[in-house]
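Me: I have a structure open and would like to learn how to read it feature by feature. Can we go through it together?

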Amino acid sequence: ENFSAMTRLDQNRAAAQLAAKLGQPISAIKKVTIWGNHSSTQFPDASQATCNGTQVSVDQSWLETEFVPTVQKRGAAVIAARKLSSAMSAAKAASDHMKSWFSSTPADDWVSMGVFSDGSYDTPVGVMFSFPINIKDGKWSIVQGLQLSDFAKGKLQLTGKELCEEREEAMAVCQA
């Protein structure tokens with residue numbers, strides 16, 4: 001309960017992509033989720049996203065062919081372009097992550113955090129997996145009951161498989 005992995009940088013990038021697409025400020029975007037690993041298999045999910053309190057409606061093709069890969073590869077694109085990481089964006093994300101943890105999440109929003117999976121949404125149990133998270137009084141909980149498309153379920157399975165492989169590699173190193 002006192003340990004989490006930060007996927008807020010990816011969430012911020014996903015919100016920025018949606019805001020740009022909709023011509024709205026980033027602050028208008030809520031309920032964007034990063035599922036899974038902090039890697040190119042992560043699944044940026046806009047299916048529950050709202051803009052100014054209204055469900056976001058964008059073309060599914062754009063989501064699958066532009067939004068998802070752009071968010072997945074944004075970190076690598078920044079490094080390739082600048083020859084440096086996006087340190088200020090990462091610092092802002094770290095600040096956002098801790099602020100949410102200590103201040104709680106608003107009733108109309110959630111944040112993405114990597115936490116130990118309890119198997120929610122058919123994810124592998126016991127790996128650090130990014131979920132939509134509500135926080136109250138410093139205690140996080142996985143948002144339950146979201147409906148996922150077959151596309152989303154496939155993405156969660158893919159990123160979950162990668163996380164299990166990484167866990168196995170880490171355990172092998174620890175046992176060597």
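**Reading the model, one feature at a time**

Reply: Let's start with a single side chain: Glu166 has a relative accessible area of 36%, so it counts as partly exposed. Keep in mind that this is a predicted model.

Me: Where does Glu166 lie?

Reply: Glu166 belongs to helix α4. To place the residue in space, take Pro132 as a reference: the two are 34 residues apart in sequence, and their C-alpha atoms are 22 Å apart.

Me: On to the strands. How do I read a sheet, and what is the order of the strands in the open sheet of 4?

Reply: A general idea helps when you look along any strand: in a regular strand the side chains alternate between the two faces of the sheet. Here the order is β1-β7-β8-β9, and the pairing is antiparallel. Two strands sit at the edges, β1 (5-6) and β9 (139-142), and each of them pairs on one side only.

Me: How many bridges hold β7 and β8 in their pairing?

Reply: That antiparallel pair has 6 bridges. To fix the register on screen, find Val115, which stands opposite Phe129 in β8.

Me: And which residues can I use to follow β8 into β9?

Reply: Strand β8 covers residues 128-136, and its antiparallel pairing with β9 runs over 4 bridges. Step along it like this: Ile133 is opposite Ile142, Asn134 has Ser141 as its bridge partner, and Lys136 stands opposite Lys139. The hairpin has 2 residues between the strands, and Asp137 takes a positive phi there, near 55°.

Me: What should I make of a positive phi?

Reply: The background is that most residues other than glycine have a negative phi. That gives you a reason to look at the exceptions. Besides Asp137 in the hairpin, there is Ser104, a residue other than glycine with phi near 80°. Another is Tyr121, with a positive phi of about 60°.

Me: Where do I find Ser104 and Tyr121?

Reply: Ser104 is in the loop that links α3 (87-103) to β7 (111-116), while Tyr121 sits in the loop between β7 and β8.

Me: Is each of them buried or partly exposed?

Reply: Here you need the cut-off, since buried means under 20% relative accessible area. Tyr121 is at 17%, so it counts as buried. Ser104 is at 23% and therefore counts as partly exposed.

Me: Now the interior. Which residues touch the most other members of the largest nonpolar core?

Reply: That core has 39 residues, and the ones with the most contacts to other members are Leu18, Trp35, Phe67, Tyr121, Phe131 and Ile133. So you meet Tyr121 again, the buried loop residue at 17%. At least two residues each come from α1, β3 (33-35), α2 (60-82), β7, β8 and α4 (150-175). The largest share is from α2, with 5 residues.

Me: What is Leu18 in contact with, leaving aside its neighbours within four places in sequence?

Reply: Its partners are Ile29, Val32, Ala46, Ala49, Val56, Trp62 and Phe67. Phe67 is also in the list of core members that touch the most others.

Me: There is another sheet, with 3 strands. How is it ordered?

Reply: The order is β2-β5-β6, an open sheet with antiparallel pairing. β2 and β6 (54-55) are its edge strands, and each pairs on one side only. Between β2 and strand β5 (residues 50-51) there are 2 bridges; the one to look for joins Lys30 to Thr50.

Me: Last one: pockets. What is the volume of the largest pocket, and which residues are closest to its centre?

Reply: Its volume is about 570 Å³. Of the 24 lining residues, Arg8, Gln11, Asn12, Lys92 and Asp96 are the closest to the centre. The elements that give two or more residues to the lining are α1 (8-22), β2 (29-30) and α3. α1 gives the most, with 7 residues.

Me: How do the lining residues divide by character?

Reply: The split is 9 nonpolar, 7 polar and 8 charged. Among the charged ones closest to the centre you will find Arg8, Lys92 and Asp96.

Conventions:
Residues are numbered from 1 along each chain as its sequence is written. This is a predicted model: local features need pLDDT of at least 70, side-chain atom pairs count only at pLDDT 80 or more; totals for chains, interfaces and linings use all residues. Side-chain values use heavy atoms; hydrogens and water are left out. Two strands pair if DSSP finds at least two bridges between them. Buried means under 20% relative accessible area, exposed over 50%, partly exposed in between (1.4 Å probe, protein chains only). On a 1 Å grid over the protein atoms alone, a cavity is a set of points where a 1.4 Å probe fits but cannot get out, and a pocket is an open set with protein on both sides within 12 Å along at least five of seven lines; lining residues have an atom within 4 Å of a point. Grid points are joined across faces, edges and corners, and a volume is the space filled by probe spheres set on the points. A nonpolar core is a set of buried Ala, Val, Leu, Ile, Met, Phe, Trp, Tyr and Cys residues joined through side-chain atoms within 4.5 Å. Contact means heavy atoms within 4.5 Å.
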